Amino acid sequence: MRNIVKAVNVNKFFGEFQALKDVNLDVPHGEVVCIIGPSGSGKSTLLRCINQLEKVDQGGLWVDDEIVGYRAVEHKLIELSDVQIARQRLATGMVFQRFNLFAHMTVLENIIEGPSQVLRRPLKECREQAMDLLERVGLVAKANSYPIELSGGQQQRVAIARALAMRPKLMLFDEPTSALDPELVGEVLSVMRDLAASGMTMIVVTHELGFAREVASRVVFMDAGQIIETGSPEDVLMNPRNPRTQEFIAAVLN
């Protein structure tokens with residue numbers, strides 16, 4: 001099966017601090033990869049590199065068969081312009097810890113902004129798609145509400161619908177439930193379960209081990225900028241081989 005993401009010896013530095021150390025990862029189409037690990041392990045940095053919010057310093061990263069941030073010209077790599085990077089980024093949707101909705105726009109306006117303004121799709125088509133997506137996330141009744149009128153869980157569901165409106169080939173989730181009150185976590189995870197069941201390729205940074213066990217095709221454990229262990233949910237979460245993985249899972253479950 002063709003990979004939609006391929007990372008080869010990816011390194012990322014912030015000054016003298018190395019956030020990613022020789023990261024290698026393949027994500028085939030249709031796979032749901034859950035990345036777990038302690039804070040500061042490089043999980044979010046890896047997602048941000050995939051979505052070109054951060055630049056890879058060493059190694060190679062491909063999304064949908066295109067090398068991220070560059071184009072090949074006569075066996076040389078030429079850096080892309082900001083406009084070209086924005087075009088590449090359209091293949092990927094990203095949902096953050098914070099919802100980042102436009103406060104001055106209604107839910108419907110938030111969702112149609114990207115498809116209508118960036119992709120130049122007809123407004124009628126964008127509205128119809130937005131309402132379909134709101135039905136999918138259970139928020140049709142909130143179409144004309146403003147973000148301040150919504151709970152955190154509802155805002156995050158709108159953020160997911162907004163990302164899907166761009167019709168990405170890959171969805172990235174950076175701890176999408178970490179900013180929510182515990183009673184609101186379930187409604188967001190339910191939408192993500194449905195999305196995974198539909199065949200969407202997803203990379204999810206999460207501390208929700210139950211969700212990872214239920215939904216993931218594969219679980220990746222990261223620590224100190226490195227991938228320490230990878231395998232099926234049963235292997236990594238139930239029978240981890242690496243002592244560091246064992247220690248982390250025991251701490252999370254206790």
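## Helix 1 and the residue after it

Just after helix 1 comes Q52, and its phi is positive, near 65°. Keep in mind as you look at this backbone angle that the model is predicted.

Helix 1 covers residues 43–50, and six of its eight residues are buried, so the rest of the structure largely encloses it. The buried positions are K43, T45, L46, L47, C49 and I50.

## The chain as a whole

Let's step back to the full chain, which has nine helices and 12 strands. Its radius of gyration is 18 Å, close to the 18 Å that the globule rule gives for 254 residues, so the chain is as compact as a globular protein of that length. Along the principal axes, the C-alpha atoms fill a box of roughly 55 × 50 × 35 Å.

How much of the chain is buried? Of the 254 residues, 52% are buried. The chain exposes about 12,300 Å², and carbon and sulfur atoms account for 49% of that area. Contacts across the sequence are worth a look too: among those between residues at least 6 apart, 65% join residues at least 24 apart.

## The largest pocket

If you are looking for open space, start with the largest pocket, whose volume is about 610 Å³. Its lining has 24 residues, and those nearest the centre of the pocket are R89, T92, M94, R162 and M166. Four elements each give two or more residues to this lining: helix 2 (82–89), strand 8 (92–95), helix 3 (107–118) and helix 5 (152–164).

Which element supplies the largest share of the lining of the largest pocket? That is helix 3, with six residues. By class, the lining of this pocket splits into 14 nonpolar, six polar and four charged residues.

## The second largest pocket

The second largest pocket holds about 240 Å³ of space. It is lined by 17 residues, with K55, V56, V68, G69 and Y70 the closest to its centre. Here the elements that give two or more residues are strand 4 (58–63) and strand 7 (76–79).

Strand 4 makes the largest contribution to the lining of the second largest pocket, at four residues. The classes in this lining are eight nonpolar, five polar and four charged residues.

## The cavity

Besides the pockets, the structure has one cavity of 30 Å³ or more. The volume of the largest cavity is about 30 Å³, and the residues around it are R136, V137, L164, V191, D194 and L195.

Helix 6 gives the most to this lining, with three residues. Four of the lining residues of the largest cavity are nonpolar and two are charged, with no polar ones.

## The loop between strand 9 and helix 6

The loop between strand 9 (170–174) and helix 6 (182–197) is where you will find T177. Is T177 buried or exposed? With a relative accessible area of 7%, T177 falls under the 20% cut-off and is buried.

What does T177 touch? Leaving aside neighbours within four places in sequence, T177 is in contact with V185, V188, L189 and E208. One of these partners, L189, is 12 residues from T177 along the chain, and their C-alpha atoms are separated by 7.9 Å.

E175 also sits in the loop between strand 9 and helix 6. Its phi is positive, about 45°, although E175 is not a glycine. At 13% relative accessibility, E175 counts as buried.

## A positive phi before strand 9

R167 is another residue to check if you care about backbone angles: it is not a glycine, yet its phi is positive, near 55°. Where does R167 lie? R167 is in the loop between helix 5 and strand 9.

Its relative accessible area is 47%, so R167 is partly exposed, whereas E175 is buried.

Definitions and conventions: Residues are numbered from 1 along each chain as its sequence is written. This is a predicted model: local features need pLDDT of at least 70, side-chain atom pairs count only at pLDDT 80 or more; totals for chains, interfaces and linings use all residues. Side-chain values use heavy atoms; hydrogens and water are left out. On a 1 Å grid over the protein atoms alone, a cavity is a set of points where a 1.4 Å probe fits but cannot get out, and a pocket is an open set with protein on both sides within 12 Å along at least five of seven lines; lining residues have an atom within 4 Å of a point. Grid points are joined across faces, edges and corners, and a volume is the space filled by probe spheres set on the points. Ala, Val, Leu, Ile, Met, Phe, Trp, Tyr, Cys and Pro count as nonpolar, Asp, Glu, Lys and Arg as charged, and the others, Gly among them, as polar. The radius of gyration is taken over C-alpha atoms; the globule rule is 2.2 Å times the number of residues to the power 0.38. Buried means under 20% relative accessible area, exposed over 50%, partly exposed in between (1.4 Å probe, protein chains only). Contact means heavy atoms within 4.5 Å. Accessible areas come from the Shrake-Rupley method with a 1.4 Å probe; for residues, only the protein chains shown count as cover.
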